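Here are some worked exercises on rings, charges and pockets. Have a look at the model below, try each task, and then compare your steps with the solution.

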Amino acid sequence: MTLGSLPVSAKNDGPDDGALPTKSEQTRALILETAMRLFQERGYDKTTMRAIAKEAGVSVGNAYYYFAGKEHLIQGFYDRIAAEHQVAVREILDRERDLEARLAGVLRAWLDIAAPYHEFAVQFFKNAADPDSPLSPFSPESEHAREEAISVHREVLAGATKTKVPEELRDILPELMWLSQMGLVLYWIFDRTEGRERSYRLAERGARLTARGVALARFRVLRPLVREVHELFTEFLPGMTNAIPDPAARRRTDS
């Protein structure tokens with residue numbers, strides 16, 4: 001699978017409505033694909049925009065026209081993964097109504113899409129793990145890809161007709177499910193099993209545990225616990241304070 005396997009829109013590097021990509025979109029996709037290859041071969045820190053432009057067969061100025069720097073290339077990569085994931089999960093979300101099956105399918109689809117980029121992710125992790133880096137999944141620069149991912153989990157819940165989700169938790173649960181997916185991503189980065197077999201097993205078991213937890217949330221006595229877990233992550237997980245609004249502040253605004 002290559003980054004150029006789907007048309008690239010000028011806005012977010014995602015698939016469009018089926019129209020053939022323009023020359024500008026093709027150039028943008030070529031630069032992004034070349035950058036990902038060089039990042040894997042040479043490492044993120046040792047790859048320059050000049051080297052990317054040379055390998056892509058474009059001028060340095062042209063490369064900077066499409067991407068203001070290496071960080072923007074990574075954001076393009078994030079958006080590409082998010083867009084491909086949106087397409088890949090469509091079949092499972094249209095077919096399944098069971099929450100566990102829907103979530104497991106969504107997580108498996110992400111692992112399938114990310115598989116070609118595993119070695120790149122290993123090299124890149126030290127940059128993305130810095131909470132002050134624009135490459136962090138919690139950074140303001142990553143907001144578009146993050147919101148796309150959370151929207152998938154929102155749809156997972158909305159279509160799980162066999163599971164009743166309390167109204168007061170419908171905004172919180174997709175964010176917690178995305179955080180759980182980030183835990184899976186971290187495990188996947190360090191997974192050295194053949195075909196990342198343990199990551200797939202973790203996805204299956206994590207989906208089962210999440211589905212059971214959501215089912216238990218129908219009991220009113222447990223709902224404050226869910227909110228408290230969400231507040232704990234929001235307040236103390238590096239980067240989350242800026243990534244997801246503080247629920248306590250949200251309540252103060254509503255009161």
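**Exercise 1. Count the aromatic pairs, then classify two of them.**

Solution. The total is nine aromatic pairs, where rings of Phe, Tyr and Trp (its six-membered ring) pair if their centres lie within 6.5 Å, with planes under 30 degrees apart counted as stacked, over 60 as edge-to-face and the rest as tilted. Take F77 and Y78 to begin: the ring centres are 6.5 Å apart and the planes stand at 40°, so this pair is tilted.

Before going on, a word on the source: this is a predicted model, in which local features need pLDDT of at least 70 and side-chain atom pairs count only at pLDDT 80 or more, while totals for chains, interfaces and linings use all residues. Residues are numbered from 1 along each chain as its sequence is written, and side-chain values use heavy atoms, with hydrogens and water left out.

Next, check burial, using relative accessible area (buried is under 20%, exposed over 50%, partly exposed in between; 1.4 Å probe, protein chains only). F77 has 9% and is buried; Y78, at 15%, also counts as buried.

Now turn to W110 and W188: with centres 5.2 Å apart and planes at 85°, the pair is edge-to-face. This pair joins distant parts of the chain, since W110 belongs to helix α6 and W188 to helix α9, 78 residues apart; helices here are DSSP runs (H or I, at least four residues), numbered from the N terminus. Both W110 and W188 are buried.

**Exercise 2. Which residues do ring pairs link into a cluster, and what sits over the ring of Y44?**

Solution. The cluster consists of F39, Y44, F77, Y78, Y117 and F120. Then look at Y44: the charged end of K70 is placed over its ring, 4.4 Å from the centre. The test for such a contact is that NZ of Lys or CZ of Arg is within 6 Å of the ring centre and within 35 degrees of the ring normal.

**Exercise 3. Find how many salt bridges the structure holds, and compare the settings of three of them.**

Solution. The criterion is a side-chain nitrogen of Lys or Arg within 4 Å of a carboxyl oxygen of Asp or Glu, and the count is 15.

- R37 and E41 meet at 3.5 Å, N to O. Both are in helix α1 (residues 23-42), four residues apart, about one turn of the helix. R37 is partly exposed at 35%, whereas E41 is exposed at 53%.
- D94 and R90 have their closest N and O atoms 3.8 Å apart. These two are also four residues apart, about one helical turn, in helix α5 (residues 90-95). R90 is partly exposed, at 28%.
- R196 and E119 come to 4.0 Å between the closest N and O atoms. This pair links distant parts of the chain, with R196 in the loop between α9 and α10 and E119 in helix α7, 77 residues apart. E119 is partly exposed, at 41%.

As a last step, follow R37 and E41 outward: together with R42 and E55 they are linked in a network of salt bridges.

**Exercise 4. What is the volume of the largest pocket, and which residues are closest to its centre?**

Solution. A pocket is an open set of points on a 1 Å grid over the protein atoms alone, where a 1.4 Å probe fits, with protein on both sides within 12 Å along at least five of seven lines; lining residues have an atom within 4 Å of a point. The largest pocket holds about 900 Å³, the space filled by probe spheres set on the points. Its lining has 37 residues, and Y78, A128, P137, M182 and V185 are the closest to the centre. Among the elements that give two or more residues are α4 (70-88) and α7 (118-128), while α9 gives the most, with nine. By class, the lining divides into 29 nonpolar, five polar and three charged residues.

**Exercise 5. Repeat the analysis for the second largest pocket.**

Solution. Its volume is about 440 Å³. Of 17 lining residues, L173, L176, T210, G213 and V226 lie nearest the centre. Two or more residues come from each of α9, α10 (197-216) and α11 (223-236), with the largest share, six residues, from α10. The classes are 13 nonpolar, four polar and no charged residues.

Definitions and conventions
Ala, Val, Leu, Ile, Met, Phe, Trp, Tyr, Cys and Pro count as nonpolar, Asp, Glu, Lys and Arg as charged, and the others, Gly among them, as polar.
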